[in-house]
Each structure stands twice: as structure tokens, then as C-alpha cells.
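Please load the model in your viewer, with the backbone shown as a cartoon and the side chains hidden for now. The tour below proposes one selection after another and says what is found at each stop.

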Amino acid sequence: MDIKELNEKIQRESAFVDLIQMEMDKVIVGQKYMTERLLIGLLSNGHILLEGVPGLAKTLAINSLASCIDAGFSRIQFTPDLLPADLIGTMIYNQKKEEFTVRKGPIFSNFILADEINRAPAKVQSALLEAMQEKQVTIGDQTFKLPEPFLVLATQNPIEQEGTYTLPEAQVDRFMLKVVITYPNKEDERKIIRQNAGGVFPKTSKILTTAEILKSREVVREVYMDEKIERYIIDIVFATRAPKDYKLDKIAPLISYGGSPRASISLALASKAYAFIKRRGYVIPEDVRAVCNDVLRHRIGLTYEAEAENITSENVIAEILNAVEVP
Amino acid sequence: MSMEVRRWKLEGGSYVKLCVFVPLREIAIIVFLFFFSLAAFSQGASISAELDTNVIKLGGQTKLRLRIEHTKDVTIAFPQFKDSIASHIEIVEEHKLDTLSEEVTTFYKFEKSYTITSFDSGYWVIPPIRVYLNNDTSKYIETEPVMLDVKGVALDPQKEVNDIKEPLSMGITLKEILIIAGIIFLVVGLISAIALYWLFFRKKKLKITQLFQPKPLSAHEKALGLLDQLRKKKLWETNQVKLYHSELTDIVRNYIDERFGVSSPEQVSDETLAAMKDKVDENTFTKLKQLLQLADMVKFAKAEPLSNENELSMNNAVDFVNATKPVEVKEEKK
């Protein structure tokens, strides 16, 4: 397809993005970054892990996004006594029929809010993460496909680490984005106070169907990505694995392992989705940079040396972006 | 005069017991040697062993002499000692074979001697030393055992124990001073010679390289030269528009890096533009923005600009470099 036609198509198809953002803005104040990332996940079929201290409207944001779309929504509060069967479902014995029947769990929904995912034990996390990857669940001897679209939005709290089960690196890699939510600024916080003090809580209206989301995903995949951008993405990911090849000797001792090929795929898809949100039919290096932190921060392993010096994966990514030549 | 019983162990396990009066110890030794030192002469050869002195102080030395006489038709093989003759008796030096007399027709007479010592006080026996004849292990002659009395150091337990004396300083002699001074003089002279040679050589080399080293180009000279080369390549005219814009922006970005210290090659266009906004005037900024944005469209969005747009980008790049190059201030002659 000609790039002009593609641009026009994307201009047309991405009109709903502004509508969703407007609806979300009605409910959530000052978290535009978070809503943008939720849309990236929604459009590029990638699960999202939200991390932030309590009270930053993580759960509300996911709730609001789900209510903007005419789709199923389940909220699962992860607790230490949660069992995999509570999540995916189980076989129940029906005394009348004298047979076992399947009772599907809350995972059979379009949007799953896995609240405080790190509070559940490893077996429950594994069950969820397996479902995220395979998009299907097996109960007894029957396998069930999960509905489309299927998006997991998990939250975790960086404080109160006692009694939590940290997600292993292999499982955290299944999340396309790890979004870190920070506090709103003073002006936004003033608006939040007024909104809550008034006692009137606006509600979002349904403006999108699941079919429209699936169609948008197809369009996102069509966004043009030049080979120069592909090389730029590869350079960034390779710099996390072999920093010395990019004259980044300084950060080499800080990285224990770099991004996987899944990181390159996620970076490419997220860049396309970001370009779509910006209503462009092609990806530019700015798009890659915009999503780079969210795609890579949970995929870079830091050494003890880095931790001792309070160096975060964001610092490492910043160094890489400053060193890798932009096409 | 007290009498004491002494016992000596012989090679082979047998013991010799003697009752001696202590003041007559030396006499007893002579008597002992008289009975046991028998010169042997059989099979055309004889050997005898004797010490220069049978009494030494602890760590003192004496010479053990082995005298051999043999007829012309007999060949002899001396025993090979490593570092000791027997336990408690060590060899300090093995001397060369000494010919005492040579009668060509009848006998050869030799002496083989060893300087020996001992660091253990007591009476020690030098066992019979065996010499083989005609390289036949069944035919041999051997000496009689010889006694060695090693005297210990007499200690007076009543006296105070003194520390070991420090080595005495001998002082430096004039000869030593002259040797040290000579070495210092040689080393300093050598270092000075090398340093002078190196300095001279380096200076000469620098002069040569300076002659052939071109004057480094300034950032704008380099950029303008590269832009001129790019223009001559006629890339967009030969349908290599993407390469043309890539090279064009690379030249401009590297120029910005060198001229303003803004790491433009590692920045996206928006970042470069944001960094340059306050550094150049509005007209120059607009020109930079045009060429970067058009290049992004060509590189990432398959844009196909018109010929005049391609030319405009080149002209804008040249104008940008000329507008931002450092101004040379010339002093007016009075």
C-alpha cells in the first residue's frame, strides 16, 4: 500500500484514540502517560504491568479503559491464598446430572485486571502467565480458547515487599510493557481533590467494540517501519546485551543480562502502536524512544554492583539511547 | 681418676666396649688403633686409612688419608662418597688423587684424601672403606675402622647466657668507594646519552611530520567540503533519494556535534531541533527544521520529494553551516 493511502487510513482508523483519551481524562486526572501506554498495550496485543505506589489510580485507569470498551472485564485481587483454580476455573460435580461440569474462572474475559499480582504465590502467577502466552486454558481434559481480545493488565506495588512473591525474570518478560506510575503534579493533584471533594464521580461511556479493537490491531500492524528503524531497534537491544560493542564500557559491568528477542519484537510493535496513537502511518525514531523505557526496563538484569550504586535500568537505557546512533 | 665404660658401634652391628680412665683417653685410642689398625696387603694391593688428628672440636676439620699400594697388573676403583662417609661424619672436600711414588716395574703408591668434619660431639667410627680390585666385586681390600673423637663446647651453667653477637662492620674501603663511584658514573652517563639521543631524534622527527601534516580543517570547512562532495555524487538525480538525505543529515548532524557540542548523531530530530532553537536565529532554525523533517519523511515514510525540495535541502544545509560558522575577527591596521 502507498504510504499516503496508509497515512490516510490511519488518520481515519485512529480517530477513536482521541475519544478514548477524552473519556479516560474525565475519570483520571494527570495520568496521560499511563493511559497512552494502556492504549499501546490494547492496540499491539501486549499485556501490561503497572507499577506504582498505592493511590495512583492504577486500578481505576484499567477499570475506566475497560468500561470504554464494550467487552468483558474481570478483576482478580491476588492474595497469598489464591489458587490456580480460582483463576482459571475447575471441574464441579453436578449431583443432579451425576457428572463433572466445567466452571470457568474469571480469566475468561476480555480484560483482566490482576491486582497486586506479586501477592499471589508462584503457581497462581504461572497459571496466569501461561494463559497470557498461550491464550488458552486447560481445565480437566478440556482446552478452552480465551476470548479475543485478551489483555492482562497487572498491577504491583514497589513498596511493602514483605510477604510478596516477586515475578521471575522469565515471567515478567511476558509483559510487553512495564509502566512505572509516578505522582501527579501539583495542578493535577488540585483537580483530583476538587473532583473527589465534589462527590460526583464521572463515568466513562462505551465508545468502542471488541471488533473495532481487533480491526485497529490489524491496522497497527500495517504501520510502515523502515529498515533503518528496524536496525535502530536491533542496535538498542543489542547494546543491552553487548554494551562494549557500542563503546559503552562504562555500563558493561552494570548489566547481568540484556533484552531477549521478545524485547525487539515488543519494541517494534509498541513503536508501531505509538505511531498509530500519534496518527502516523510510519514509525520514526521518536516513537522507538518514546516506548523504549517501558519495553526494556523489566528486561534488563542489573548486577549487584549496579544495585549497590543505586543505578536503575532506566539509567542504563538512557546511557544506551545516548550512545546508539539515530538513523 | 674415675673409670668409665665406653661403647662404640661398628659397621655391621657389633660393639666394642672399653673401660677407660678419663685422663688416659688418648692413650686408650692409640691402644685401640694399635689392635684394630692392621695394614692389609693381599692380592697385590694394600690400603690403610689414617686421620691427621683423631680429636677435633665440634665443627672442626681433619683430613682422612687413604694410602693405597698396588702392583702394576691390578686396577683399583675408589668408593664414591656423596656428602658423608658415615653418619655424623661429613665430607667438606674431596681432594684429588695424589701419587706418592711410582715404580714402573713394581708398585704404584697413591694417596686419596678427604677433609671431613662433624657437628655432633662424641666418638664416631669411620667404618672400613672398601676398594674393589680389577672391577671385580668379589675381590677387594678394605681399611680398618678409624675412631674420631669430636669434642663438644664446654658450657658453664653458672654463667649468664649471652645473645649472639651482631656481625662486625668492616667499613668501606677506598677500593670499594672507587668501584661504586665508577658504576654510578657509567649509569648516569648511559642514561644521559640515551636521553640526549632520544630528544634529538624526536625533535628531528617532529620537524619532518610537521612539514607534511596538513592543517586540520575546522568543522565548517569539513562540512562544506562534504556537502560539495555529496552534491557532486548526484544521488537524488540517480534515484538514490534516501541515501542522499541520509548522508545530508549525517553531515549536518556531525557538524552540529563538532561546532556546538550537541550530540546530534545520537539524537532524534526533535531533540536536535530543541537543542538548537536557542543557538541560532529563526531563519537558520527554519532551514535546519526543513532539511531534518524532509529527511525523516524520506528515510522513514517513503516520501518522494520533488527535485526542487531535494535542492532546497542541500541549499539549506549549506546556508545553515555558513550562518553558524565562527566569525573571524580581523584587526584593522592603523
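**Strands of chain B**

Begin by selecting strand β13 (residues 130–133) of chain B together with β14(B): four bridges join the two, and they run antiparallel. The model is a predicted one, in which local features need pLDDT of at least 70 and side-chain atom pairs count only at pLDDT 80 or more, while totals for chains, interfaces and linings use all residues. Residues are numbered from 1 along each chain as its sequence is written, and chains are lettered from A and ligands numbered from 1 in the order in which they are written. Strands (E, at least two residues) and helices (H or I, at least four) are DSSP runs, numbered from the N terminus, and two strands pair if DSSP finds at least two bridges between them.

Within this pair, pick B:Leu133, whose bridge partner in β14(B) is B:Asp136. Then widen the selection to the open sheet of three strands, which has the order β7-β13-β14 in chain B with antiparallel pairing. Its edge strands are β7 (76–77) and β14 (136–142) of chain B, each of which pairs on one side only.

**A hairpin and a positive phi**

Move next to β8(B) and β9(B), which run antiparallel and are joined by two bridges; here B:Ser84 stands opposite B:Glu90 in β9(B). The hairpin of these strands has two residues between them, and B:His88 lies in this loop, between β8 (84–86) and β9 (89–94) of chain B. What is the phi of B:His88? It is positive, about 80°, although B:His88 is not a glycine. Most residues other than glycine have a negative phi. B:His88 is partly exposed, with 17 other C-beta atoms within 10 Å; on this scale a residue is buried if 20 or more other C-beta atoms lie within 10 Å of its own, exposed if 12 or fewer, and partly exposed in between, with C-beta atoms placed from the backbone.

From there, follow β9(B) to strand β11 (residues 107–117) of chain B, to which four bridges join it in the antiparallel sense, and where the bridge partner of B:Ile91 is B:Ile116.

**Around helix α4 of chain B**

Select B:Asn239, found in the loop between α3 (219–233) and α4 (241–260) of chain B. Phi of B:Asn239 is near 65°, a positive value in a residue other than glycine, and this residue is exposed, with 10 other C-beta atoms within 10 Å.

In helix α4 of chain B you will find B:Asp250, which counts as partly exposed with 17 C-beta neighbours inside 10 Å. A distance label between the C-alpha atoms of B:Asp250 and B:Pro265, which are 15 residues apart along the chain, should read 7.1 Å.

**The parallel sheet of chain A**

Now turn to chain A and select its open sheet of five strands, in the order β3-β6-β9-β1-β10 and with parallel pairing. β3 (73–77) and β10 (177–180) of chain A stand at the edges, each with a single partner strand, so one side of each is left without a neighbour in the sheet. At one of these edges, β3(A) pairs in the parallel sense with strand β6 (residues 111–115) of chain A over five bridges, and A:Gln77 stands opposite A:Asp115 in β6(A).

In the loop between β8 (142–145) and β9 (151–156) of chain A, stop at A:Pro149. A cis peptide bond joins A:Glu148 and A:Pro149, with omega about -5°.

**Core and interface**

Select A:Leu153, A:Leu267 and A:Ala270, which touch the most other members of the largest nonpolar core, a set of 95 residues; such a core consists of buried Ala, Val, Leu, Ile, Met, Phe, Trp, Tyr and Cys residues joined through C-beta atoms within 7 Å. The largest share of this core, ten residues, comes from helix α11 (residues 261–277) of chain A.

Finally, show both chains: 17 residues of chain A are in contact with eleven residues of chain B, where contact requires C-beta atoms, placed from the backbone, to lie within 7 Å. On the side of chain A that touches chain B, α10 (227–241), α12 (285–296) and α14 (313–323) of chain A each supply at least two residues, and α12(A) gives the most, with three.

Note on methods:
Two residues are in contact if their C-beta atoms, placed from the backbone, lie within 7 Å.
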